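Student: Hey, got a minute? I'd like to go through this structure with you.
Tutor: Sure, let's have a look.

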Amino acid sequence: MSPWAAHAAEGKDAKPAAEAGDKKPEGDLPPLPADKTIKQSVRVGGRTVSYEATVGTIPVRDAKGKKIAEVVYTSYVVPGNDPHRPVTFAFNGGPGASSVYLNMGAIGPKRIQFGVDGDAPSDAAVTKDNPNTWLDMSDLVFIDPVGTGFSRSLEDDEHTKKDFYATEADIKYLSRVVYDWLVKHGRLRAPKYVMGESYGGYRAPRIGYELQTRMGVGVNGLVMVSPYLDPAAIGDGDALSPLPWMINLPSMTAAHLEAQGRLTPAAMDDVEKYVRTQFVTDFLAGRSDPGAIGRMVQKVSAYTGIDPAVVSRLDGRLDIGTYLREVHRNEKKIGSVYDSNVTAFDPFPGSAERQSGDPILEALLAPTTSAMVDFVTREVGWKTDAHYEALSYTVNKEWERGNADDKPVADLRKAIGNDPNMKVLIVHGYNDLSCPFYTSRLIIDQMPTFGQSQRVKLAVYPGGHMFYSRPGSAQSFKADAAALYGSK
């Protein structure tokens, strides 16, 4: 399952909030509005940046030219037709998520708070200027895949699933959407960047390679935010592999250190070295070494703060579900898979199993949806009666996932190998258990240098999956991106 849906559906009684709006409309659909542009401005770094905000559509056509879908995008462009000004295409993940999270949470000119402890569904859906927007160094285009946001298929359910809700088809049509936007707006000469979060991080290197080798569009850089990079390495389906346990333990440790006020890169060195060395040895030794499991229990308990008796029952293999259930049990709260230090009251604290949704996922849907719809329909004036799908459970459920392999990593290697000027920034939050940072650490350590050590850079910040909800982490993220874009 995708990172967000797997944990959103953990509880038996968890009901997806977006479910009612997920059914595909039947019959003739009313036309979407024409593209609409307004002028706005934002204060960034002590200066005012004036820009044009556009909500528009890109048609998707089949091999015979028939329009089969309409993809809705939101763009922020600084006028002037400067051929040297970069343009960044941003995708969120799911599959089934719109781009509102990167747009109004991370790099867009307007921001709404979500993703940290204390945020609630009833928080006011009022946006503010984003001091960490990237608009001062790049134009921004946020793309909502078919079935998310206001983007929609014009085909029946069977063809929709085949043409849009499948891993390979997704990469191909979204790459064409990027190409079509560049042609439509006369931006083929601009430096181009592709950005993706979570499953969007799966998309980013694959879209970059598809653009480079099939669409004829060179990509200057890739930015992967909390990426879902190696599906085969995540999860505990293979009882013989230590990888999932190696990947998860550092993020659990980071959350424990943060709760104690001791989280620093130096403090994380110890657990990162441990999982590469003694942990692997003891894991593989199992009962062939009488002391192996005992050593694992002692170390894992100390790193995570979880009761040794609980860790002992698991033979030192502390899974994500148990960790999130136990880490705040004394407070009768549950932690989020996206940041285990973000909590909600457990509605069923006496239950042996968790029976509720994720604290972050269920808190962010209402404010982000309301803020985005208000911006599109009231501020921009792009009027539609359709429901905005910030998180579509239908898309996620219908998704054809293909093989759990390392295609994103393979395409990343090939794209970098093809272009000596391409650079990559991979970023994570320490506390994220849906897409743990240590996966990317291990992947990068196995890659060639491609001529220089910093062509593929990893940065890890305080916070979780949406670390950019913390102002300090958002500021650090922008500084690292500015170096990638050559703006620093």
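Student: Is strand 9 mostly covered or mostly uncovered?
Tutor: Mostly covered. This is a predicted model, and in it six of the six residues of strand 9 (residues 192-197) are buried.

Student: Which residues sit on which side of strand 9?
Tutor: K192, V194 and G196 are on one side, and Y193, M195 and E197 are on the other. Both faces are covered, with all of these residues buried.

Student: Why do they split up like that?
Tutor: Because side chains in a regular strand alternate between the two faces of the sheet.

Student: Ok, and in what sense do strand 4 and strand 9 pair?
Tutor: Parallel, over five bridges, with strand 4 covering residues 87-91. To give you one pairing, F91 has G196 in strand 9 as its bridge partner.

Student: How many bridges join strand 9 to strand 10?
Tutor: Five, and those two strands run parallel. Strand 10 is residues 221-225, and its V225 is the bridge partner of E197.

Student: Which helix goes with strand 9 and strand 10 in a β-α-β unit?
Tutor: Helix 5, residues 199-215. The unit the three of them make is right-handed.

Student: New topic: how many salt bridges are there?
Tutor: The count comes to 29. One of them is between the side chains of D139 and R187, at 2.8 Å from N to O.

Student: Where do those two sit in the chain?
Tutor: D139 is in strand 7 (residues 139-143), while R187 is in the loop between helix 4 (167-184) and strand 9. They are 48 residues apart, so to speak distant parts of the chain get linked. Both D139 and R187 are buried.

Student: What about E168, which residue does that one bridge to?
Tutor: R206, with the closest N and O atoms 2.9 Å apart. This pair links helix 4, where E168 is, with helix 5, where R206 is, 38 residues apart.

Student: Why does E168 count as partly exposed?
Tutor: Because its relative accessibility is 34%, and partly exposed runs between 20% and 50%. R206 is at 8%, so R206 counts as buried.

Student: Any other one worth a look?
Tutor: Try E272 and R441, whose side chains meet at 3.0 Å, N to O. E272 lies in helix 7 (residues 265-276) and R441 in helix 15 (residues 437-445), so the bridge ties together parts 169 residues apart in sequence. E272 is buried at 10%, whereas R441 is partly exposed at 22%.

Student: Which residues do shared salt-bridge partners join into one network?
Tutor: E168, R206, K407, D411 and K414.

Conventions: Residues are numbered from 1 along each chain as its sequence is written. This is a predicted model: local features need pLDDT of at least 70, side-chain atom pairs count only at pLDDT 80 or more; totals for chains, interfaces and linings use all residues. Side-chain values use heavy atoms; hydrogens and water are left out. Buried means under 20% relative accessible area, exposed over 50%, partly exposed in between (1.4 Å probe, protein chains only). Helices (H or I, at least four residues) and strands (E, at least two) are DSSP runs, numbered from the N terminus. Two strands pair if DSSP finds at least two bridges between them. A crossover is right-handed if, with the strands pointing away from the viewer, the path from the first strand over the helix to the second runs clockwise. A salt bridge is a side-chain nitrogen of Lys or Arg within 4 Å of a carboxyl oxygen of Asp or Glu.
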